[in-house]
Amino acid sequence: NNSSSNNTNGSVTGLTIHVGRVVTGCCGVLADVLLGRAGCSVLVLGEASSGKTTLLRDVARVLGESQNVLVVDTCGELAGEGAVPHAAIGLARRLMVPSTDKQSEVIVEGGINHAPDCMVVDELATAAEAEAVRAVRQRGARLVAGARCADLPSLLRHPQLCGLLGLSQPLPLTGSLPSSSSSTPAAAGSSTTPAAVTANSAAAAAAA
């Protein structure tokens, strides 16, 4: 992906080029979760440039060898912007998202119209996207997704994404649970709630 910086006249004065990394086999550290626990959804957490997209790209390749995998690719981050997806995602199919504000719609469309065994989504950021992936999960598809949160406590307090863990509202900074019983998070890896891992911990395990 490319992004330009322009002056007041609209002329290009600089160009930022994002180069996706392909690290074949990097998702092997999650093999017990991906291959040993059928149907278990996974949420990959990490800050920018922590390796979430690189990890998800390899997950799509590995699971696509034995399952019907659908990649929801916003801005070409996972499989490039060409008409033919990058070989890094293997046999997985791809749905391209024209803009970030359309991602939740494409997630729901993919779950309904394409009936995947597994859906891979990068960079969940809004409450609408969190609700969309939960709706797809309830239809029986497995979800492997990424979110820009440093760790699980950060996710629990995230006003947009806490719904991924079954919360109706984020936890307060004190760490105490909201009083409403409906806000209690479901167990990680349940029918609608994914198991959460951090990209940094996965990368560390891969290097060990």
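## Asp58 and helix α2

Once its neighbours within four places in sequence are set aside, Asp58 is in contact with Val23, Thr24, Gly25, Cys26 and Cys27. These contacts belong to a predicted model, in which Asp58 is found in helix α2. With a relative accessible area of 4%, Asp58 is buried, because that value lies under the 20% limit.

The helix around Asp58 follows the same pattern of burial: 13 of the 13 residues of α2 are buried, so α2 is largely enclosed by the rest of the structure. Its geometry can be checked as well, since the 13 residues of α2 (residues 52-64) should span 18 Å at 1.5 Å a residue, and the end C-alpha atoms are 18 Å apart, which agrees.

## A cavity beside Asp58

Rolling a probe the size of a water molecule over the atoms shows where empty space is left. Here the count comes to 2 cavities of 30 Å³ or more, and the second largest cavity has a volume of about 40 Å³.

Asp58 belongs to the lining of the second largest cavity, together with Arg21, Val22, Val23, Thr24, Thr54, Arg57, Arg61 and Ala88. By residue type, this lining divides into 3 nonpolar, 2 polar and 4 charged residues. Val23 and Thr24, which help to line the second largest cavity, are also among the residues in contact with Asp58.

## Leu34 and helix α1

Leu34 lies in helix α1 (residues 31-34) and is buried, with a relative accessible area of 3%. Leaving aside neighbours within four places in sequence, the residues in contact with Leu34 are Cys27, Val42, Val59, Leu63, Arg142 and Val144. The C-alpha atoms of Leu34 and Val62 are separated by 9.0 Å, although these two residues are 28 residues apart along the chain.

## Two nonpolar cores

In soluble globular proteins, nonpolar side chains tend to be buried together. The largest nonpolar core of this model has 25 residues, and those with the most contacts inside it are Ile107 and Leu124. At least two residues of this core are supplied by each of β3 (42-45), β4 (69-74), β5 (93-97), α3 (103-113), β6 (118-124), α4 (127-138), β7 (142-147) and α5 (152-156). The element that gives the most to this core is α4, with 4 residues. Apart from the largest core lies another core, of 23 residues, among them Leu30, Val44, Val59 and Val71.

Not counting residues up to four places away in sequence, Ile107 touches Val72, Met119, Val121, Leu124, Glu129, Ala132, Val133 and Val136.

## Helix α4

The 12 residues of α4 reach 17 Å from the first C-alpha to the last, close to the 16 Å expected at 1.5 Å a residue. Buried residues in α4 are Glu129, Ala130, Ala132, Val133, Arg134, Val136 and Arg137, and what covers them includes α3, β6 and β7. Of these buried residues, Glu129, Ala132, Val133 and Val136 are touched by Ile107. Just after α4, Gly140 takes a positive phi of about 105 degrees.

## The chain as a whole

The protein chain has 6 helices and 8 strands, and from the N terminus on its elements run β-β-α-β-α-β-β-α-β-α-β-α-β-α. Buried residues make up 42% of the 208 residues in the chain. Among contacts with a separation of 6 or more, residues 24 or more positions apart account for 60%.

Note on methods: Residues numbered from 1 in each chain as written. Predicted model: local features only at pLDDT ≥ 70, side-chain atom pairs only at ≥ 80, totals over all residues. Heavy atoms only, no water. Core = buried A, V, L, I, M, F, W, Y, C linked by side-chain atoms within 4.5 Å. Buried < 20%, exposed > 50% of the residue type's maximum accessible area, 1.4 Å probe, protein only. Contact = heavy atoms within 4.5 Å. Expected span 1.5 Å × (residues − 1). 1 Å grid on protein atoms, 1.4 Å probe; cavity = no way out; pocket = protein on both sides within 12 Å on 5 of 7 lines; lining within 4 Å. Points joined across faces, edges and corners; volume = space filled by probe spheres on them. Nonpolar A, V, L, I, M, F, W, Y, C, P; charged D, E, K, R; others polar.
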